[in-house]
Amino acid sequence: GTHTAVADVAAYGLVAFDSNTKLWQAFGKPLYQDTTRFGDPRPSIRALHRYQWEGKSYLAIGGKFRMYQNESVFSILTSVVDPNSLEANWKALDGGGVYHVQGTYLAPSLSQASRRLGTVNSMTSLDGVLYVGGQFTRANQTVSLGNVARYTLRNASWQLLDMGVNNWVSTLVQDGTWLYVGGNFTRAGNQTVNHVAKWHIYDQQ
């Protein structure tokens, strides 16, 4: 969430409950940023997703935040998770985070200040691919996205799902074959829809 403490524990957005001690604890270093530097709102976490990759368990967090420990991360972080520890080593995705671009042209040397924060509302995964939904138009400085996208873990790359959807995504669910997308949109690719659509994971349509 946007909280800065839970039960006297400084947390800045992410905490874990220790079932052994029955106490709340901060999970990793605090998510904090100077909101006056770029005029950003208070950082918030809106999505958590646990996934397996190359024999390890990971937790991804998404939301609306620009910086983590002086590194530009743009609304998504991931960490290996040890079930016996509350330590987390949060890192940006190798392929970069997601954001909005002001204007219609994306310059190769786009400054950080000209990138509006994107929002990650939901995540799911299957077979080494992380699916991300929210409100965003870009990843890195070259990849166009339309509020829903796939991130391939093996080659650390973002891909657009057709033309995406025309407004924000609030939830994603997959059943092994289809990716179901819900949100405040009326177009998915070139189809008119009523706030819900599905994408065939293997046929890519």
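**Group meeting: a walk through an all-strand model**

Okay, let's start in the middle of things: S122 sits in strand β13, residues 119-126. Before I go on, keep in mind that this is a predicted model.

So, is S122 buried or exposed? Its relative accessibility is 9%, and because buried means under 20%, S122 counts as buried. Then there's the question of what S122 touches once we leave aside its neighbours within four places in sequence. The list is A47, then Y131, V132 and G133, and then S170, T171 and L172. Have a look at L172 in particular: its backbone nitrogen is 3.0 Å from a polar atom of the S122 side chain.

That takes us over to the strand with T171 and L172. Strand β19 covers residues 169-174, and it runs antiparallel to β20, residues 178-183, with five bridges joining the two. If you want one pair to click on, T171 has G182 as its bridge partner in β20. Between the strands of this hairpin there are three residues, and G176 takes a positive phi there, near 100 degrees.

Let me zoom out for a second. How many helices and strands does the chain have? The count is zero helices and 23 strands. There are 205 residues in the chain, and 49% of them count as buried. As for contacts, take the ones between residues at least 6 apart in sequence: 40% of those join residues at least 24 apart.

While we're on positive phi, here's a bit of background. Most residues other than glycine have a negative phi. Two residues here go the other way. F74 isn't a glycine, yet its phi is positive, about 55 degrees. You'll find F74 in the loop between β8 (71-72) and β9, and F74 counts as buried because its relative accessibility is 4%. D127 is the other one I'd show you, also not a glycine, with a positive phi near 50 degrees. D127 is in a loop as well, between β13 and β14 (129-135). This time the relative accessibility is 58%, so D127 counts as exposed.

Right, on to the pocket. The largest one has a volume of about 360 Å³. It is lined by 15 residues, and the closest to its centre are Y51, Y58, T78, K91 and D94. Which elements give two or more residues to that lining? Those are β5 (44-53), β9 (76-80) and β10 (91-92). The largest share comes from β9, with three residues. By type, the lining residues divide into nine nonpolar, three polar and three charged.

Let's finish on one of those central residues, Y51. Y51 belongs to strand β5. Why do we call Y51 buried? Because its relative accessible area is 5%, against a cut-off of 20%. The side chain of Y51 makes a polar contact of 2.8 Å with the side chain of T78, and T78 is another of the residues closest to the pocket centre. Not counting residues up to four places away in sequence, Y51 touches K56, S57, Y58, A60, T78, S125, L130 and L153. And if you draw a line from Y51 to V129, the C-alpha atoms are separated by 9.7 Å, with those positions 78 residues apart along the chain numbering.

That's my tour; happy to pull up any of these on the screen.

Methods
Residues are numbered from 1 along each chain as its sequence is written. This is a predicted model: local features need pLDDT of at least 70, side-chain atom pairs count only at pLDDT 80 or more; totals for chains, interfaces and linings use all residues. Side-chain values use heavy atoms; hydrogens and water are left out. On a 1 Å grid over the protein atoms alone, a cavity is a set of points where a 1.4 Å probe fits but cannot get out, and a pocket is an open set with protein on both sides within 12 Å along at least five of seven lines; lining residues have an atom within 4 Å of a point. Grid points are joined across faces, edges and corners, and a volume is the space filled by probe spheres set on the points. Helices (H or I, at least four residues) and strands (E, at least two) are DSSP runs, numbered from the N terminus. Ala, Val, Leu, Ile, Met, Phe, Trp, Tyr, Cys and Pro count as nonpolar, Asp, Glu, Lys and Arg as charged, and the others, Gly among them, as polar. Two strands pair if DSSP finds at least two bridges between them. Buried means under 20% relative accessible area, exposed over 50%, partly exposed in between (1.4 Å probe, protein chains only). A polar contact is a pair of N or O atoms within 3.5 Å; within protein, one must be able to donate a hydrogen and the other to accept it, and residues adjacent in sequence count only if both atoms are side-chain atoms. Contact means heavy atoms within 4.5 Å.
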